[in-house]
Amino acid sequence: MKLHNHAKANQKTVYCISPYKTGTTYLSSCFSSNIAKHEPIHYTTYKSLDEDFDTYFTKRLNYLNLKLECSGSWSAYVEELVNHKIAKDLDYICVLRSPSSWVTSVINYWNKPNMLKFHFDIPLEHFWKQKVGVNLRDFEIGVHSKKNQEIIDKLVKFYFDFTEKTALLENITYIRLKDLKESLPLVESLIEENATTKDSWKRANLKKKFIYKNDLIDEKYKRLTKRLINSRNPKMAG
């Protein structure tokens, strides 16, 4: 796949940059696939961004020519986005989910039988292992172990670090996961397109074999996100 080099952006895409398992699949599916996509050119993106972020970001932006992109992979590149001459001026969306709920969803999703069958799982290899520093297949559901706790601790640390870094982006809109559907008009205004929710869907995992709950961490995250929201939109902070 050849992406032509253009120094300037032809399309000002809005990026939803929150990590995997924060409603990115649902959000992208609320709009026509002609203008919104979830994890496009997934493998190539990881490989090329790591080799030359500055050049490839602009090439990719122009090649995809989207109004909205929802890719959890961007959560690992916040600092690069902040320092990129084009990316720093774009609009961003961050969907907020409590750490307990997020960790629960991540562990359960990547330990589903169908996920374990993947010979080469792109997010597992390039995001969870390389960016977060965890191998989710090493997590043993139903076992209390030092290894399990290490994985949870690294997930929580990444989640907080990412969320704090989003404050560096000039144009970012925060949306709570529970309010995502009701916030679609806000997204519509950002991309100047109408949502088509009749075709929307999400990757729901109703059979949770593992539940993580940490009220102290959730409360800490709530304080952090309230401060972030208040800095952008005080009316949403309550």
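**Exercise 1. Is K157 buried or exposed, and what does its side chain pair with?**

*Step 1.* Start with accessibility: K157 has a relative accessible area of 53% and is exposed. Here buried means under 20% relative accessible area, exposed over 50%, and partly exposed in between (1.4 Å probe, protein chains only).

*Step 2.* Look for a partner. K157 forms a salt bridge with D161, and their closest N and O atoms are 2.7 Å apart. A salt bridge is a side-chain nitrogen of Lys or Arg within 4 Å of a carboxyl oxygen of Asp or Glu.

*Step 3.* Check the partner: D161, at 27% relative accessibility, is partly exposed.

*Step 4.* Place both on the chain. K157 and D161 are four residues apart in helix α7 (residues 146-165), so about one helical turn separates them. Helices (H or I, at least four residues) and strands (E, at least two) are DSSP runs, numbered from the N terminus.

Before you go on, two notes on the model. This is a predicted model, in which local features need pLDDT of at least 70 and side-chain atom pairs count only at pLDDT 80 or more, while totals for chains, interfaces and linings use all residues. Residues are numbered from 1 along each chain as its sequence is written, and side-chain values use heavy atoms, with hydrogens and water left out.

**Exercise 2. Which residues are linked with K213 in a network of salt bridges?**

*Step 1.* Begin with one pair: the side chains of K213 and D218 meet in a salt bridge, 3.6 Å from N to O.

*Step 2.* Compare the two ends. K213 is exposed at 59%, whereas D218 is buried at 13%.

*Step 3.* Now widen the view: the network links K213, D215 and D218.

*Step 4.* For another pair, turn to K88 and D89, whose closest N and O atoms are 3.4 Å apart in a salt bridge. K88 is partly exposed at 34%, and D89 is partly exposed at 49%. The whole structure holds 10 salt bridges.

**Exercise 3. How do the axes of α7 and α9 lie to each other?**

*Step 1.* Find the distance and angle: the axes of α7 and helix α9 (residues 215-232) come within 11 Å and cross at roughly 10 degrees. Axes are lines fitted to C-alpha atoms, for helices over the stretch in contact, and angles run from 0 to 180 degrees between N-to-C directions.

*Step 2.* Name the arrangement. The two helices α7 and α9 are therefore roughly parallel; angles under 35 degrees count as roughly parallel, over 145 as roughly antiparallel, 65 to 115 as roughly perpendicular and the rest as oblique.

*Step 3.* List the residues that meet, where contact means heavy atoms within 4.5 Å. From α7 come V156, Y159, F160, T163 and E164, and from α9 come I217, K220, Y221, L224, T225 and L228.

*Step 4.* Sort them: seven are nonpolar, two polar and two charged. Ala, Val, Leu, Ile, Met, Phe, Trp, Tyr, Cys and Pro count as nonpolar, Asp, Glu, Lys and Arg as charged, and the others, Gly among them, as polar.

**Exercise 4. What is the order of the strands in the open sheet?**

*Step 1.* Read the order: five strands run β2-β3-β1-β4-β5 with parallel pairing. Two strands pair if DSSP finds at least two bridges between them.

*Step 2.* Spot the edges, β2 (36-38) and β5 (172-176), each pairing on one side only.

*Step 3.* Take one pair inside the sheet: three bridges join β1 (residues 14-16) to the parallel strand β3 (residues 68-70). One of the partners of this pair is C70 in β3, matched with C16.
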